[in-house]
Amino acid sequence: MKRNTIETVMGAVVLAVAGMFMAFAYISADLNTGGGYTVTASFNKVSGLAVGGDVRMSGIKIGSIVSQELDNETFLAKVTMNIRDDVSLPLDSAAAISSESLLGGNYLEIIPGGDPDVIEDGGRIDFTQDPVDI
């Protein structure tokens, strides 16, 4: 009987620690999907990009990729991204698909322009650069 009590207590401790790790992972994952505004960009190819992937500016995550679809008129890959509300993209910004490392995946990098006007919700980035194949 004494052994069953110890096993039960140890099991409860393991479950509590696992719950704390899950809570920490959820908080650290930055899964904030609420708010922000959407912007689209068209590419010839989107090799290595994934829905939910990062959108970065100067190495800082400013949003995430919401969807990827094929435009049936132009046959280009249309990428829709959600950008944080506190980041205003100039109208002449560019989007490039960049590699994290030789072994890592790709992310969408925004190169800001110098135009004083900003892209509104539902706007489009006209200047794009496809991923480089190694």
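Me: Which strand gives the largest share of the lining of the second largest pocket?
Reply: Strand β5, residues 94–99, with three residues. Strands here are DSSP runs of E, at least two residues, numbered from the N terminus. A pocket is an open set of points on a 1 Å grid where a 1.4 Å probe fits, with protein on both sides within 12 Å along at least five of seven lines; lining residues have an atom within 4 Å of a point.

Me: What sort of model is this?
Reply: A predicted model: local features need pLDDT of at least 70, side-chain atom pairs need 80 or more, and totals for chains, interfaces and linings use all residues. Residues are numbered from 1 along each chain, and side-chain values use heavy atoms, without hydrogens and water.

Me: Back to that pocket. How many residues line the second largest pocket, and which lie nearest its centre?
Reply: The lining has 12 residues. Nearest the centre are Ser-99, Asn-106, Pro-131, Val-132 and Asp-133.

Me: New topic. How many salt bridges are there?
Reply: Five, where a salt bridge is a side-chain nitrogen of Lys or Arg within 4 Å of a carboxyl oxygen of Asp or Glu.

Me: What does Glu-100 pair with?
Reply: Arg-56, with the closest N and O atoms 3.4 Å apart. This pair links distant parts of the chain, 44 residues apart: Arg-56 is in strand β2, while Glu-100 is in the loop between β5 and β6. Arg-56 also forms a salt bridge with Asp-54, at 3.1 Å from N to O.

Me: Is Arg-56 buried or exposed?
Reply: Arg-56 counts as buried because its relative accessibility is 19%, and the limits are under 20% for buried, over 50% for exposed and partly exposed in between (1.4 Å probe, protein chains only). Asp-54, at 21%, is partly exposed, and so is Glu-100, at 48%.

Me: What about Asp-86?
Reply: Asp-86 meets Arg-84 in a salt bridge, 3.0 Å from N to O. Asp-86 is exposed at 58%, whereas Arg-84 is partly exposed at 37%. Elsewhere, shared partners join Asp-54, Arg-56, Lys-61 and Glu-100 into one network of salt bridges.

Me: Last thing: what is the phi of Ser-58?
Reply: Near 55°, which is positive in a residue other than glycine. Most residues other than glycine have a negative phi. Ser-58 sits in the loop between β2 and β3 and is exposed, at 66%.

Me: And the phi of Phe-75?
Reply: Near 60°, again a positive value in a residue that is not glycine. Phe-75 is in the loop between β3 and β4, and its 59% relative accessibility makes Phe-75 exposed.

Notes. Helices (H or I, at least four residues) and strands (E, at least two) are DSSP runs, numbered from the N terminus.
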